[in-house]
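Reader: I should like to learn how to read a protein model, beginning with one residue and then turning to the whole chain. May we go through it step by step?

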Amino acid sequence: MANQTTGLTRIIKAAGYSYQGLTAAWRNEAAFRQEAVAAAVAVIVALWLDVDAVARILLIGSVLLVLIVEVLNSAIEAIVDRVGTDFHELSGRAKDMGSAAVSLSIILALLVWVTLLWRHFA
């Protein structure tokens, strides 16, 4: 059955679900907590640096992307674990691919930060 909620009520409910998801990630995922703390520090540094708006958005956006990918990876892991604890090649592949996505997002963030900081301080 489709959800019949529309308008402002739908937006409020969606915000509540998002809050629940972030809370679950914080409580249950050590990697998310570590990356969130690193992201908070990075955002503070990005706001402190004397860079233009585009550079600031790239700096902050790159670390937020890491958090987004980590939440998606955690969701993949949760559903795989929900389906069963028996080893299955596809379950392992799904978890490995989620982990690879997190790693790639971290590499992207590092490239953004190194490039923009190099340009800023060179």
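**One residue and its chain**

Author: Leaving aside neighbours within four places in sequence, Glu-77 is in contact with Glu-29 and Lys-95. Please keep in mind that the model is predicted.

Reader: In which helix does Glu-77 lie?

Author: The chain has four helices and zero strands, and its pattern along the sequence is α-α-α-α. The helix that spans residues 53-83 includes Glu-77. This helix is α3.

Reader: How far apart are the C-alpha atoms of Glu-77 and Lys-95?

Author: Lys-95 is one of the residues in contact with Glu-77. Along the chain, the two are 18 residues apart. Their C-alpha atoms, however, are separated by 5.9 Å.

Reader: Why is Glu-77 counted as partly exposed rather than buried?

Author: A buried residue has under 20% relative accessible area, and an exposed one has over 50%. Glu-77 falls in between, so it counts as partly exposed; its relative accessible area is 22%.

Reader: What percentage of the residues of the chain count as buried?

Author: The same cut-off, under 20% relative accessible area, applies here. The chain has 122 residues, and the share that counts as buried is 25%.

Reader: What is the radius of gyration of the chain?

Author: The C-alpha atoms fill a box of roughly 55 × 40 × 25 Å along the principal axes. For a compact globule of 122 residues, a radius of gyration near 14 Å would be expected. The chain instead has 18 Å.

Key. Residues numbered from 1 in each chain as written. Predicted model: local features only at pLDDT ≥ 70, side-chain atom pairs only at ≥ 80, totals over all residues. Heavy atoms only, no water. Helix = DSSP H or I, 4+ residues; strand = E, 2+ residues; numbered from the N terminus. Rg over C-alpha atoms; globule rule 2.2 N^0.38 Å. Buried < 20%, exposed > 50% of the residue type's maximum accessible area, 1.4 Å probe, protein only. Contact = heavy atoms within 4.5 Å.
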